[in-house]
Amino acid sequence: MVMLLNYCGKNKYKDEESVSNVLKYIAKEGDANKAPYTYGVMCSGNYEQATVDFDRTQELYAKDPATKIRHFAISPRGTYSVDELKEWMLQFGELFDAQCLGNEYQIFFGIHTDKQNPHIHFAVNPISYEDGKGFYVNNEIIDNMMARIAEVTNQEVGYMLKYGK
C-alpha cells in the first residue's frame with residue numbers, strides 16, 4: 001500500500017517564509033544524502049531557485065493566497081530503491097500535472113531517504129503560472145491524485161491528513 005499524506009493545519013503555510021521553508025525541507029538543504037534527488041515541474045529542481053519561481057508567479061498575478069504552498073508526501077510501505085522512487089516521482093509528476101492540474105502549476109519534488117522507508121515529498125504553488133487561478137485541495141483533487149499514484153505504483157493508495165500548527 002502507498003499512502004498519500006496532505007500536510008495542512010489551521011495556520012500552516014500562511015506566512016511569507018512558508019514557500020522557502022517547505023522547499024528547503026523537501027530538498028533537505030545541507031544534506032544531499034537525505035534528499036538525493038529533487039525535480040521541478042515548471043520550476044527549477046533547485047529549491048532556492050524554485051522558491052524564487054513560486055514567489056514570482058504569485059507576484060506576477062498580484063496574488064497573496066491564504067495558504068502560500070500545498071505540501072504532500074507519497075509514502076510507500078515496503079522497501080523501494082531511490083531509483084524506483086525516482087521513476088515513480090517522474091511519472092506521477094507528469095500525470096498529476098497534465099491530468100489534475102492542467103499543466104498550469106509549479107510542482108517541486110524531492111525523495112527523502114532519512115527515514116526507515118524512503119518516500120517522496122512534493123509541493124504545489126497554489127497560483128497558476130498560466131493565468132493566476134488558485135489551486136484548491138478538494139475531494140476531486142485528492143481522488144485524482146490517488147488514482148495517478150495507483151497508476152504509477154500499481155498499488156492500493158490510502159489517504160491521510162497530517163495536521164500541524
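The questions and answers below concern a predicted model of one protein.

Reader: Which element of the protein has the lowest mean pLDDT?
Author: Over the whole predicted protein the mean pLDDT is 89, and 96% of the residues reach 70 or more. Among the elements, helix 2 (residues 47–60) has the highest mean, at 95. Where pLDDT is low, the predicted coordinates should not be read in detail. The element with the lowest mean pLDDT, at 87, is strand 6 (residues 157–163).

Reader: What pattern does the protein follow when read along the sequence?
Author: The secondary structure of the protein comes to four helices and six strands. Read from the start of the sequence to its end, these elements give the pattern β-α-β-α-β-α-β-β-α-β.

Reader: What radius of gyration does the protein have, and what would a compact globule have?
Author: Along its principal axes, the C-alpha trace of the protein spans about 45 × 35 × 30 Å. For 165 residues, a compact globule would have a radius of gyration near 15 Å, which agrees with the value for the protein, 15 Å.

Reader: How far apart are the end C-alpha atoms of helix 3?
Author: Helix 3 covers residues 82–100, which makes 19 residues, and at 1.5 Å a residue the expected span is therefore 27 Å. Just after helix 3, glycine 102 takes a positive phi of about 65°. The end C-alpha atoms of helix 3 agree with the expected span, for their separation is 25 Å.

Reader: What covers the buried residues of helix 3?
Author: The buried residues of helix 3 include Leu85, Trp88, Met89, Phe92, Leu95 and Phe96, and Gly93, Asp97 and Cys100 are buried in this helix as well. What covers the buried residues of helix 3 includes strand 2 (37–41), strand 3 (70–76), strand 4 (107–112), strand 5 (119–124) and helix 4 (139–153).

Reader: Why does cysteine 43 count as buried, and how far away is the nearest cysteine sulfur?
Author: A residue is buried when its relative accessible area is under 20%, and cysteine 43 therefore counts as buried, at 13% relative accessibility. The structure holds zero disulfides, and cysteine 43 is accordingly in none, with the nearest cysteine sulfur, that of cysteine 100, at a distance of 17 Å.

Reader: What percentage of the contacts between residues at least 6 apart in sequence join residues at least 24 apart?
Author: Of the 165 residues of the protein, 52% count as buried, while the protein exposes about 8200 Å², of which carbon and sulfur atoms supply 45%. Among contacts between residues at least 6 apart in sequence, the share that joins residues at least 24 apart is 77%.

Technical notes
Residues are numbered from 1 along each chain as its sequence is written. This is a predicted model: local features need pLDDT of at least 70, side-chain atom pairs count only at pLDDT 80 or more; totals for chains, interfaces and linings use all residues. Side-chain values use heavy atoms; hydrogens and water are left out. Helices (H or I, at least four residues) and strands (E, at least two) are DSSP runs, numbered from the N terminus. The expected span of a helix is 1.5 Å times one less than its number of residues. Buried means under 20% relative accessible area, exposed over 50%, partly exposed in between (1.4 Å probe, protein chains only). Contact means heavy atoms within 4.5 Å. pLDDT is the predictor's confidence in each residue, from 0 to 100. The radius of gyration is taken over C-alpha atoms; the globule rule is 2.2 Å times the number of residues to the power 0.38. Accessible areas come from the Shrake-Rupley method with a 1.4 Å probe; for residues, only the protein chains shown count as cover. A disulfide is a pair of cysteine sulfur atoms within 2.5 Å.
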